[in-house]
Amino acid sequence: MKGVVILSTYPNKKSIQKIANKLVRSRLAACVNMTRISSVYSWQGKIENTDEILAVFKTTQKNKSKLKAQIKLTHPYKVPEIAEITLADLNKPYLQWLIDSTG
């Protein structure tokens with residue numbers, strides 16, 4: 001089994017905190033890291049400069065589809081970023097923890 005990271009940006013910490021706790025509690029994610037970022041992007045014909053929260057959801061191949069569905073369902077943005085990164089090379093003890101935490 002491989003580990004998977006799902007990335008998504010949120011408008012503020014409050015908007016991600018509740019869903020992060022729910023996803024870890026339900027074992028769809030083993031961990032969710034959150035950090036402040038500054039984003040520059042085009043939206044509706046304008047260039048936006050916005051402070052956001054980058055959420056890094058850590059899960060397994062088995063749970064990635066359910067996790068992405070929950071992110072989409074609960075996300076406050078009209079067009080949420082839901083980017084998947086498959087972890088081809090992950091140290092075995094960490095991978096085992098990931099599997100145990102989401103199994």
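This passage describes the helices, the nonpolar core, selected backbone torsions and an aromatic pair of a predicted model.

Helix H1 comprises 13 residues, which at 1.5 Å a residue should span 18 Å, and its end C-alpha atoms are indeed 18 Å apart, in agreement with that expectation. Its buried residues are Ile-16, Ile-19, Ala-20 and Leu-23, and because these residues cover an arc of only 110° around the axis, they fall on the same side of H1. On the other side of this helix, Lys-14, Lys-18 and Arg-25 are exposed. The buried residues of H1 pack against strand S1 (3-10), S2, S3 and helix H2 (64-74). At the N-terminal end of H1, Asn-12 acts as a cap, with a side-chain oxygen placed 3.3 Å from the backbone nitrogen of Lys-14; Lys-14 is itself among the exposed residues of the helix. Gln-17, also situated in helix H1, has a relative accessible area of 30% and is therefore classed as partly exposed, since that class lies between the limits of 20% and 50%. Gln-17 is separated from Val-32 by 15 residues in sequence, and the C-alpha atoms of the two residues are 9.3 Å apart in space.

A comparable description can be given for helix H2. Here the buried residues are Lys-64, Leu-67 and Ile-71, and they cover an arc of only 65° around the axis, so that they are placed on the same side of H2. The face of H2 turned away from this buried side carries Ser-65, Lys-66, Lys-72 and Leu-73, which are exposed; a leucine, Leu-73, thus appears in this exposed set together with Ser-65 and two lysines, Lys-66 and Lys-72. The packing partners of the buried residues of H2 are S1, H1, S3 and strand S4 (83-87). The packing of H1 against H2 is accordingly found from either helix, as H2 is listed among the elements contacted by the buried residues of H1, and H1 among those contacted by the buried residues of H2.

The largest nonpolar core contains 15 residues, of which Tyr-10, Ile-16, Leu-23, Phe-57, Leu-67 and Ile-71 touch the most other members. The elements that give two or more residues to this core are S1, H1, S3 and H2, and the largest share, four residues, comes from H1. Two residues from the buried side of H1, Ile-16 and Leu-23, are thus among the members with the most contacts in the core, as are Leu-67 and Ile-71 from the buried set of H2. When residues up to four places away in sequence are not counted, Ile-16 touches Tyr-10, Met-34, Ile-53, Ala-55 and Phe-57.

Positive phi values occur at two positions that are not glycine, Arg-27 and Gln-44. Just after H1, Arg-27 takes a phi of about 70°, and this residue is placed in the loop between helix H1 (13-25) and strand S2 (31-43). With a relative accessible area of 34%, Arg-27 is partly exposed. Gln-44 has a positive phi of about 50° and is found in the loop between S2 and strand S3 (46-60); its relative accessible area of 66% is over the 50% limit, and Gln-44 therefore counts as exposed.

Arg-27 also takes part in a contact with a residue of helix H3. Ser-101, located in that helix, has a relative accessible area of 18% and is buried, because this value is under 20%. Leaving aside neighbours within four places in sequence, Ser-101 is in contact with Arg-27 and Ala-30.

Helix H3 (residues 92-102) also holds both Tyr-94 and Trp-97, which are three residues apart, or about one turn of the helix. An α-helix has 3.6 residues a turn, so residues three or four places apart point the same way. The count of aromatic pairs in the model comes to one, and this pair is formed by Tyr-94 and Trp-97, whose ring centres are 5.2 Å apart and whose planes enclose an angle of 45°, a tilted arrangement. The angle falls between the 30 and 60 degree limits, and the pair is therefore assigned neither to the stacked nor to the edge-to-face class. Both partners are partly exposed, Tyr-94 with a relative accessibility of 27% and Trp-97 with a relative accessible area of 35%.

Definitions and conventions:
Residues are numbered from 1 along each chain as its sequence is written. This is a predicted model: local features need pLDDT of at least 70, side-chain atom pairs count only at pLDDT 80 or more; totals for chains, interfaces and linings use all residues. Side-chain values use heavy atoms; hydrogens and water are left out. Rings of Phe, Tyr and Trp (its six-membered ring) pair if their centres lie within 6.5 Å; planes under 30 degrees apart count as stacked, over 60 as edge-to-face and the rest as tilted. Buried means under 20% relative accessible area, exposed over 50%, partly exposed in between (1.4 Å probe, protein chains only). The expected span of a helix is 1.5 Å times one less than its number of residues. The arc is that of the directions from the helix axis to the C-beta atoms. Contact means heavy atoms within 4.5 Å. A polar contact is a pair of N or O atoms within 3.5 Å; within protein, one must be able to donate a hydrogen and the other to accept it, and residues adjacent in sequence count only if both atoms are side-chain atoms. A nonpolar core is a set of buried Ala, Val, Leu, Ile, Met, Phe, Trp, Tyr and Cys residues joined through side-chain atoms within 4.5 Å.
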